Amino acid sequence: MARAIRFDEYGDVEVLRVEDVPRPAPGPGQVLVEVRAAGINPGEAAIRQGFLHERFPATFPSGQGSDFAGVVAELGDGVEEIAVGDEVIGFVHTRSSHAEYVVAEASDLTPKPDDVPWEVAGALFVAGTTAYAATAAVCPREGDTVVVSGAAGGVGSLAVQLALLSGATVIGLAGPANHAWLHELGVIPVAYGEGVLDRIKEAAPDGVHAFVDTFGSGYVELALHLGIHPGRINTVIDFEAAAKYNVKTDGNMAGASAEVLRELSLLVGKGLLEVPIAGVYPLADVRDAYRELEQRHTRGKIVLRP
Ligand SMILES: NC(=O)c1ccc[n+]([C@@H]2O[C@H](COP(=O)([O-])OP(=O)(O)OC[C@H]3O[C@@H](n4cnc5c(N)ncnc54)[C@H](OP(=O)(O)O)[C@@H]3O)[C@@H](O)[C@H]2O)c1
């Protein structure tokens with residue numbers, strides 16, 4: 001048997017529980033991984049609360065989780081390029097990584113570089129690939145000024161750094177508690193809330209060229225008010241505004257691949273990409289982990305350690 005997160009109905013964190021389930025077995029082309037760390041994401045909370053029932057319905061009992069890093073425990077038929085004992089970073093689309101063991105496609109794994117800590121490796125998939133795709137969608141380059149909303153969140157904290165790596169000047173919208181951290185990275189911190197448009201204009205007297213929205217709630221309209229071309233605005237959350245104004249929506253699905261995960265993990269290993277870890281919780285404290293996440297003020301990622 002192996003422990004895994006389960007829930008039997010839509011609801012708040014109280015519906016989450018740890019259950020002993022049969023240890024899963026890898027099929028052809030698959031690998032069983034003993035999970036060492038698995039990131040949690042707001043999308044999982046939204047699915048569990050039933051908010052995404054139309055687009056991503058749950059079937060009960062439901063498992064949870066896409067991100068993970070761990071040690072290969074068993075190989076399915078036909079898997080040759082991976083060995084038992086390998087340390088890997090990976091992903092699943094089967095809502096099953098918040099568990100002691102997860103079965104993944106061998107093609108959805110990449111080696112974990114030695115110098116990437118487990119918590120960071122396990123947190124990389126959803127936020128990292130989303131930040132990668134969302135940032136690439138607005139084509140940042142030297143001479144550009146790019147604004148990122150939710151600049152210290154799981155996705156935003158990585159998007160600001162990827163935009164910086166492209167050579168652009170980056171303005172990060174964040175609460176005051178995150179300004180010193182953003183400043184240290186080389187990001188120009190700007191407080192969100194009343195007057196944010198004027199503060200951005202003040203911080204970017206020569207104009208803003210691109211916008212990566214990771215928070216929603218009016219930032220697409222704000223970007224248009226800044227005079228940014230819709231083709232250089234990307235939101236990962238405000239799909240209504242995206243459809244209305246024809247802005248981009250590249251996110252996890254656009255970036256979800258072992259190649260992108262590998263590229264991100266190498267950047268982390270070289271010290272070029274910092275993944276801030278806001279909290280680490282044992283599997284048994286999964287409810288507390290989501291309570292913290294659902295405050296929507298974490299810097300970086302929250303991770304479960306089975
Ligand atoms: N489309 C996709 O593929 C995709 C993939 C991943 C995530 N998402 C979505 O993207 C969003 C971000 O995900 P995440 O993991 O980065 O979430 P997160 O880590 O919970 O983001 C929290 C951040 O939001 C910031 N924030 C709170 N109020 C704000 C406001 N009024 N204006 C600007 N920022 C504010 C907080 O900043 P302070 O702490 O500084 O206040 C905090 O750093 C979520 O809605 C998620 O569902 C979409």
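Is helix H4 largely enclosed by the rest of the structure or exposed, and how many of its 12 residues are buried? In this predicted model, local features require pLDDT of at least 70 and side-chain atom pairs pLDDT 80 or more, whereas totals for chains, interfaces and linings use all residues. Residues are numbered from 1 along each chain as its sequence is written, and side-chain values use heavy atoms, without hydrogens and water.

Helix H4 (a DSSP run of H or I of at least four residues, numbered from the N terminus) is largely enclosed by the rest of the structure, because 10 of its 12 residues are buried (under 20% relative accessible area, 1.4 Å probe, protein chains only). Among them are Val155, Leu158, Val160 and Leu162. The end C-alpha atoms of H4 (residues 154-165) are 18 Å apart, in agreement with the 16 Å expected at 1.5 Å a residue (1.5 Å times one less than the number of residues). Just after H4, Gly167 adopts a positive phi of about 100°.

The largest nonpolar core (buried Ala, Val, Leu, Ile, Met, Phe, Trp, Tyr and Cys residues joined through side-chain atoms within 4.5 Å) comprises 44 residues, and Val160 and Leu182 are among those touching the most other members. H4 supplies the largest share of this core, six residues. Beyond four places in sequence, Leu182 is in contact (heavy atoms within 4.5 Å) with residues including Val160, Val187 and Pro189.

The ligand is surrounded by 24 residues (a heavy atom within 4 Å). A backbone N or O atom of Val155 lies 2.8 Å from a ligand oxygen atom, and a polar side-chain atom of Tyr192 lies 2.4 Å from a ligand oxygen atom.

Methods: Helices (H or I, at least four residues) and strands (E, at least two) are DSSP runs, numbered from the N terminus. Buried means under 20% relative accessible area, exposed over 50%, partly exposed in between (1.4 Å probe, protein chains only). A polar contact is a pair of N or O atoms within 3.5 Å; within protein, one must be able to donate a hydrogen and the other to accept it, and residues adjacent in sequence count only if both atoms are side-chain atoms.
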